[in-house]
Amino acid sequence: IRENKQQTSLWVAEYIVHRINAFKPSKDRPFVLGLPTGSSPELVYANLVKFYKNGRVSFKHVVTFNMDEYVGIPTSHPQSYHSFMFKHLFQHVDIPPSQIHIPSLENYQQYDDLIAKYGGIELFLCGVGSDGHIAFNEPGSSLSSKTRIKTLTKETIMANARFFDGNIEAVPKSAITVGVKTVIDAREVVLIADGRGKAEAVRQALEGSISHMWTVTALQMHPKFVMAVDEAATEEL
Ligand code: GLP
């Protein structure tokens, strides 16, 4: 728990850098990093870019798998998760483009197999929706789900309208998402959440019963699950 979003994000970025640097990559076994989008990780990415620029970390031996992407808008759309990732991280660091994976209609059926081919995800960074969803695993998603297409709930569409000039009609109605099982299969999961709006999701994640209505609760079963939150997000604990 850190006082505010700035400090929580800095802690997470330092943690990821530490993990990447402690890992001994080989040609067959790079550091495989699962990544989210959204406002929660924005400052983590800004810090990772800063650490790359001052020589503290390199992404040359890092392979990334993003957790989700909208269906129905082109990758070039400014609000696609593809655009988000290039804007906030990929275009600023030394990751080779061939090592970047973002789910799409073309690759999603092979996505989990591809992750497995790289030896599985070392660290999955996650945000959480205020209704407790991880990636786009909306309430009711199977806890054993893998990468697939999901219809978004009204709550998620409304929450994400802020990225589409507040226009609910412009928000895609479905998305491709890794499954709950895809996230749980990572060797380590780090969840970042900030603000009062996430307090109930944080409470469910730590104190709720494991339930597909709050998919974040599945992480309670994970042997290496780290939550990085600011004080406001702990208000319901
Ligand atoms: C979206 C994303 C999630 C993200 C969540 C919270 O629905 N699919 O991956 O964790 O929103 O977003 P934010 O970090 O903007 O609050």
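## The loop around Ala-135

Ala-135 sits in the loop that links strand 5 (123–126) to strand 6 (148–151). This is a predicted model, and in it Ala-135 has a positive phi of about 55°, even though it isn't a glycine. Is Ala-135 buried or exposed? It counts as buried, because 30 other C-beta atoms lie within 10 Å and the cut-off for buried is 20 or more.

Ala-135 also turns up in the shell around the ligand, together with Phe-136.

## Who surrounds the ligand

Besides Ala-135 and Phe-136, the residues around the ligand include Pro-36, Gly-38, Ser-39 and Ser-40. Met-67 and Asp-68 are there as well, and so are Gly-127, Val-128, Gly-129 and Thr-156. Sorted by character, the shell has 5 nonpolar, 6 polar and 1 charged residue.

One of the shell residues, Gly-38, gives a handy reference point for Lys-154. Those two are 116 residues apart in sequence, and their C-alpha atoms are 17 Å apart in space. Lys-154 belongs to helix 5, and it is exposed, with 9 other C-beta atoms within 10 Å.

## A second positive phi

Asp-165 is another residue other than glycine with a positive phi, this time near 50°. You'll find Asp-165 in the loop between helix 5 (154–160) and strand 7 (174–177). Its surroundings are sparse enough to call it exposed, because just 8 other C-beta atoms come within 10 Å and the limit for exposed is 12 or fewer. Ala-135, by contrast, is buried.

## The sheet

Now for the strands. How many of them form the open sheet, and in what order? There are 6, running 4-2-1-5-8-9, with parallel pairing. At the edges are strand 4 (100–101) and strand 9 (225–229), each of which pairs on one side only. In general, strands of a sheet pair through backbone hydrogen bonds, in either a parallel or an antiparallel way.

Two of the pairings are worth a closer look. Strand 1 and strand 2 run parallel and are joined by 5 bridges, with Leu-35 opposite Asn-66 of strand 2. Strand 8 (residues 189–193) and strand 9 are also parallel and share 5 bridges; here Leu-191 faces Met-227 in strand 9.

## How enclosed are strands 1 and 9?

Strand 1 is largely enclosed by the rest of the structure, because 5 of its 5 residues are buried. From strand 1, Phe-31, Leu-33 and Leu-35 point one way while Val-32 and Gly-34 point the other, and all of them are buried.

Strand 9 is an edge strand, so you might ask why it is described as largely enclosed. The reason is that 4 of the 5 residues of strand 9 are buried.

## Helix 3 and its buried side

Helix 3 covers residues 81–88, and its buried residues are Tyr-81, His-82, Phe-84 and Met-85. They lie on the same side of helix 3, because they span an arc of only 165° around the axis. An α-helix has 3.6 residues a turn, so residues three or four places apart point the same way.

What lies over that buried set? The cover includes strand 1 (31–35), strand 2 (62–66) and strand 3 (68–71).

## Two residues in the loop after strand 4

The loop between strand 4 and helix 4 (111–117) holds Pro-103, and Leu-105 lies in that loop between strand 4 and helix 4 too. Their surroundings contrast: Pro-103 is buried, with 26 other C-beta atoms within 10 Å, whereas Leu-105 is exposed, with 11.

Leaving out residues up to four places away in sequence, Pro-103 touches Asn-66, Asp-68, Glu-69, Tyr-108, Tyr-111, Thr-147 and Ile-176. Asn-66 is the residue that stands across from Leu-35, and Asp-68 is part of the ligand shell. Thr-147 is 44 residues from Pro-103 along the chain, yet their C-alpha atoms are separated by 8.5 Å. For Leu-105 and Tyr-70, which are 35 residues apart along the chain, the C-alpha separation is 9.9 Å.

## What the record says

An unreviewed UniProt entry annotates residues 5–216 as "domain: Glucosamine/galactosamine-6-phosphate isomerase". Over that stretch, 5–216, the chain is 31% helix and 16% strand, with its end C-alpha atoms 20 Å apart.

Technical notes: Residues numbered from 1 in each chain as written. Predicted model: local features only at pLDDT ≥ 70, side-chain atom pairs only at ≥ 80, totals over all residues. Near = placed C-beta within 6 Å. Nonpolar A, V, L, I, M, F, W, Y, C, P; charged D, E, K, R; others polar. Arc of directions from axis to C-beta. Contact = placed C-beta atoms within 7 Å. UniProt positions renumbered as here; feature names shortened; annotations may be inferred. Pairing = 2+ DSSP bridges.
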